Amino acid sequence: MTDASKTVAFIGIGKMGLPMSVLVAKADYAVTAFDQSAARLAEARAQGITIAASPTDAVSGKAAIVTSLPDDAALRGALLGPTGIIGAMAPGAVLIETSTVSVEASTEVDAAAQARGIAYLRSPVSGNASIVHTGALTCFVSGPKEAFEDARPLFASFTRAQTYLGPAEEARYAKLSVNLMIAVSAAMMAESLALARKGGIAWQDILKVLDDSAVASPMVKYKTAPLRTRDFESTFSCKQMAKDLDLILGAGHAVGVPLQLAAQVRETYGSLVAQGNGEADFIATVKHLERLSGLGEPKL
C-alpha cells in the first residue's frame, strides 16, 4: 500500500512538467498527472505515469500537488474558481507551484489556498527543458516555512538546490529578477558579437575571447557553446522571454522600480516575435543584431 504522504499530483506535464514528474516517480512517489494535451498524456503514460481523467480527479486525496503552467491565464484557469483544483484539494495538502507567473496572479492563488487550509509554496524553477531530466534544476521557494521543510524530500527529487526566501511572494520576485538578468545578458551578447564581427574578428575567435574573459559567466558559457555551430534550437523561446519581460515590467511598475533596460530589451524580443522568430531560442538576439548591422552568416 502506498504511503499517503508520498502521493503527488502533477498538473501540467509539458516540456518541464513531464520530466519533473518522471523524476518524482523514480524517487518512489506515487504520481498521478493531468494535462489538457492528449499527446502529453500519452507520452506520460508511456513513461509509467498514472493519468487522471480530470484535474480534480488528479488532485483528490493527494498530499502534494505540483503545477507547471505556461502563464497567468493558465494558472488562474487551472487553480481558481468553481472548477479549479484548489477546491478539490484536501485541507492540509501542499501546493507547489513551479511556473513563472506574476506576483498578482500568485497572490490570488495564495488567498484561495489559505481559505481551504492548503499550504501554498511559490516554487518557480530555474533552468530549462534541456537539463530538467537530469535533476539539475534549482528553485526559489517562498510560503509557509514549515511546509517547505516538510516538502524538502519531494523538492530534492526533481531539483538539485532550493533557496527559501520568505513567507510570501519573495520567490516570484527572485525568478523575475534572474530572468531579467538573462534577457539583458542575451541582448548584450548580441551587440558585443556584432561589434566584434564588424571589427574583423572571426566568429570562433570572438566566442573564445568571451569564454576566456572576465565576462565569462555561466550564462555566457551556456550560450557560446551552441553559438559555435549556430544552433538556435530553442531551450527557452523568444516568445517566452517576451512574456517574462512583460511580467518583469509589471512587477517593476507595481513596486516603483524603473526598469529601463528591461523595457528596451522587451522591444527587441517584440521585434523577433513580429519577424517570425517567436519560437527560436532567446539567443536569437544575435541574429537580430546581425540583421540590423548588415551582417550575414559568419564562417564557422
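The following exchange between a student and a tutor concerns a predicted model. Residues are numbered from 1 along each chain as its sequence is written, and side-chain values use heavy atoms, with hydrogens and water left out. Local features need pLDDT of at least 70 and side-chain atom pairs count only at pLDDT 80 or more, while totals for chains, interfaces and linings use all residues.

Student: Is R122 buried, partly exposed or exposed?

Tutor: R122 is found in strand β6 (residues 119-122), strands being DSSP runs of E with at least two residues and helices runs of H or I with at least four, numbered from the N terminus. Buried means under 20% relative accessible area, exposed over 50%, and partly exposed in between, with a 1.4 Å probe and protein chains only. Because its relative accessibility is 2%, R122 counts as buried.

Student: Which residue has its backbone oxygen 3.1 Å from a polar atom of the side chain of R122?

Tutor: The side chain of R122 also reaches the backbone oxygen of Y120, at 3.2 Å. Not counting residues up to four places away in sequence, R122 touches several residues, among them E97, D110, P167 and A168, where contact means heavy atoms within 4.5 Å. The backbone oxygen at 3.1 Å belongs to A168.

Student: How far does helix α7 reach from its first C-alpha to its last?

Tutor: Helix α7 covers residues 170-198 and has 29 residues. The expected span of a helix is 1.5 Å times one less than its number of residues, which for α7 is 42 Å. Close to that expected value, the reach in the model is 43 Å.

Student: Which residue meets R152 in a salt bridge at 2.8 Å, N to O?

Tutor: A salt bridge is a side-chain nitrogen of Lys or Arg within 4 Å of a carboxyl oxygen of Asp or Glu. R152 counts as partly exposed because its relative accessibility is 34%, and its partner counts as partly exposed because its value is 36%. The two are three residues apart in helix α6 (residues 145-158), and are therefore separated by about one helical turn. The partner of R152 is E149.

Student: In the salt bridge of K243 with D244, which residue counts as buried?

Tutor: The closest N and O atoms of K243 and D244 are 2.9 Å apart. K243 counts as partly exposed because its relative accessibility is 24%. At 1% relative accessibility, the residue that counts as buried is D244.

How values were computed
Polar contact = N/O pair within 3.5 Å; in protein donor to acceptor, adjacent residues only side chain to side chain.
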